[in-house]
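These are my notebook entries from going through the coordinates, kept in the order in which I looked things up.

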Amino acid sequence: LSNRLLDLQEIQLTVLRTGDLAVTTSILYYTLNGTARSDVGFVYSKGVIRFGKDESRKNIKIRILPDHQTSVDTWLYIMLEVDSGSDPDMMIEPSKVQITIINIVPGASFPDLPMIGSLVQYNNTSTLNYSQSYYDQPLVCITPCDDDHPNITYYHSECNRQQIALELTEYEWEMSR
């Protein structure tokens, strides 16, 4: 399940019934928090799936809430249980289904290259020098969306428009001599 390119509103899950289709039966379902939380990542849902005679397929719908603040994947569970009025020997497999929501902030990109320099220069970013080597010194990476970037006033509106969350941004770079 992915909300990669659109704000996914709802997922539909199909429950298949096998065995003796000549009898009616009911299954209870409900959502359960995983790392996705009810009313934040999805809307809590519960209900009864009723299979009439000769019915083998039913659908349930779960509403997913869009999350533009995180790029971390989250999940929730759908629990299935035998209804009290159904055959107590009926088996439900699986009785717990994990649904993973892949959260990717769509199309976000920094409006300019990051600045990389020595931690010593962090409080005065105007002195960062791209051509200087910083061997044996801790490095910092300052993106155009960082409040400490010297041109933040120029980039601020674009960073906000794209909803770039710096606390979720990871930096990786390699240096060689």
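**Entry 1, the pocket.** I began with the lining of the largest pocket and asked which strands each supply at least two residues to it. The model I am reading is a predicted one, and in it the strands that do so are S1, S2 and S5. S1 gives the most, with 4 residues in the lining. I noted a volume of about 550 Å³ for this pocket, and a lining of 23 residues, of which Leu16, Arg17, Ile27, Met91 and Ile92 lie nearest the centre. Sorting the lining by residue class, I found 14 nonpolar, 5 polar and 4 charged residues.

**Entry 2, the sheet.** Since S2 and S5 had both come up in the lining, I next looked up how they are paired. Strand S2, residues 25-33, and strand S5, residues 74-82, run antiparallel and are joined by 7 bridges; at Asn33, the bridge partner in S5 is Leu76. I then traced the sheet itself, which is open and made of 4 strands in the order S3-S2-S5-S6, with antiparallel pairing. Strand S3 (46-51) and strand S6 (96-101) are at its edges, and because each has a single partner strand, one side of each is left without a neighbour in the sheet. From one strand to the next I recorded a twist that averages 25 degrees.

**Entry 3, salt bridges.** How many salt bridges are there by the distance rule I applied? The count comes to 3, and I went through them one by one.

- Lys61 and Glu10 meet through their side chains at 4.0 Å, N to O. This pair links distant parts of the chain, with Lys61 in strand S4 (residues 57-63) and Glu10 in strand S1 (residues 10-16), 51 residues apart. I checked exposure for both partners: Lys61 is partly exposed, with a relative accessible area of 46%, and Glu10 is partly exposed as well, at 43%.
- Lys58 and Glu55 form a salt bridge between their side chains, with an N to O distance of 3.2 Å. Lys58 has a relative accessible area of 23% and is partly exposed, while Glu55, at 30%, is also partly exposed.
- Arg161 and Glu158 are joined by a salt bridge at 2.7 Å, N to O. Both belong to helix H1 (residues 152-161), and because they are 3 residues apart in it, about one helical turn separates them. Arg161 is exposed, with a relative accessible area of 59%, whereas Glu158 counts as partly exposed at 26% relative accessibility.

**Entry 4, backbone angles.** My last search was for positive phi values in residues other than glycine, and I wrote down two aspartates. Asp39 has phi near 70 degrees and sits in the loop between S2 and S3. Is Asp39 buried or exposed? Its relative accessible area is 61%, and since the cut-off for exposed is over 50%, I entered Asp39 as exposed. For Asp54, phi is near 65 degrees, again a positive value in a residue other than glycine, and the residue is found in the loop between S3 and S4. At 62% relative accessibility, I entered Asp54 as exposed too.

Terms used: Residues are numbered from 1 along each chain as its sequence is written. This is a predicted model: local features need pLDDT of at least 70, side-chain atom pairs count only at pLDDT 80 or more; totals for chains, interfaces and linings use all residues. Side-chain values use heavy atoms; hydrogens and water are left out. Two strands pair if DSSP finds at least two bridges between them. Axes are lines fitted to C-alpha atoms, for helices over the stretch in contact, and angles run from 0 to 180 degrees between N-to-C directions. Buried means under 20% relative accessible area, exposed over 50%, partly exposed in between (1.4 Å probe, protein chains only). On a 1 Å grid over the protein atoms alone, a cavity is a set of points where a 1.4 Å probe fits but cannot get out, and a pocket is an open set with protein on both sides within 12 Å along at least five of seven lines; lining residues have an atom within 4 Å of a point. Grid points are joined across faces, edges and corners, and a volume is the space filled by probe spheres set on the points. Ala, Val, Leu, Ile, Met, Phe, Trp, Tyr, Cys and Pro count as nonpolar, Asp, Glu, Lys and Arg as charged, and the others, Gly among them, as polar.
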